Amino acid sequence: MFEIERDGDVAIVRFANPPVNAVSFAAWRELPGLVGGLERAEVAAMVFTGLPGRHFCGGNDFREFSTLTPEETLSGTGAVRDAIRAVRESSIPAIAAIHGAAMGSGLMLACGCDIRIATADARLALPEVKVGAFGGYRIVREVLAQGEARLLTYTGRPLTGARAHQIGLVQELADTPEAALSLAVELGREMAALLKGRLRAGIKDCLNREDAADLWTAYDFERDLAAEVMGRASG
């Protein structure tokens, strides 16, 4: 399901299940182990893409939902949670290069990344409500204002990449899917050149802890990492 390609210090992680790159619960269970392997390989950045397919990720295969018991639903959605958590909490910065559709758990995975680059005509949505399902709000709420996240959740309406850029969900726009991937890889290379040693190992964990903390606790997390990195650099 997931194919990994190395470009120097950058790992390109491809969704590989055409035509829409839908992901089964079983496939989501593979992702934490893959991320762990990239950490052990000391990758500087990971880029998620749906290329060469037409879509970034169509989310979960809804055909699975029709036969699930509540217990199986909890287990399956737990696999999605664990996969996205592995990306978000990894020490490796993650970039989503979005084109075509980023639906449901595909959008959730993109929101678990640090940065999102998209084509203007990409479509991002939480369509679960349209099939009587529910999920995705909380991780999307991490990177969107409450009203925007609730509009997605209540209606299943898609955002275009251009609109997602306007409201801050997407950081950069690209003209084509290939250009989105190229921008993402170039950004990963830029990070690799800047983030070295203890700074590379510690910066993302520090940022995640800062985001979850109050202002002055977060500021002290920053001071701790700065003292460790800068003190060692000058010592």
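Tutor: Buried means under 20% relative accessible area. Keep that cut-off in mind for this predicted model.

Student: Is Cys113 buried or exposed, then?

Tutor: Buried, because its relative accessibility is 5%.

Student: And Cys111, buried or exposed?

Tutor: Cys111 has a relative accessibility of 3%, so Cys111 counts as buried.

Student: How many disulfides are there?

Tutor: Zero. A disulfide would need a pair of cysteine sulfur atoms within 2.5 Å. For Cys111 the nearest cysteine sulfur belongs to Cys113 and lies 8.7 Å away, and Cys111 is in no disulfide.

Student: What about Cys113, which cysteine sulfur is nearest to that one?

Tutor: That of Cys111, at 8.7 Å, and Cys113 is in no disulfide either.

Student: Changing topic to the sheet. What is the strand order?

Tutor: The order is β1-β2-β3-β4-β6-β9. These six strands make an open sheet, and their pairing is mixed.

Student: Which strands stand at the edges?

Tutor: β1, residues 2-7, and β9, residues 172-174. Each has a single partner strand, so one side of each has no neighbour in the sheet.

Student: How many degrees are neighbouring strands turned against each other?

Tutor: On average 20°, with direction ignored.

Student: Back to β9. How many bridges join β6 to β9, and do they run parallel or antiparallel?

Tutor: Three bridges, and the two strands run parallel. Strand β6 covers residues 115-119.

Student: Which residue in β9 is the bridge partner of Ala118?

Tutor: Leu173 is the bridge partner of Ala118.

Notes: Residues numbered from 1 in each chain as written. Predicted model: local features only at pLDDT ≥ 70, side-chain atom pairs only at ≥ 80, totals over all residues. Heavy atoms only, no water. Buried < 20%, exposed > 50% of the residue type's maximum accessible area, 1.4 Å probe, protein only. Pairing = 2+ DSSP bridges. Helix = DSSP H or I, 4+ residues; strand = E, 2+ residues; numbered from the N terminus. Axes fitted to C-alpha atoms, helices over the stretch in contact; angles between N-to-C directions.
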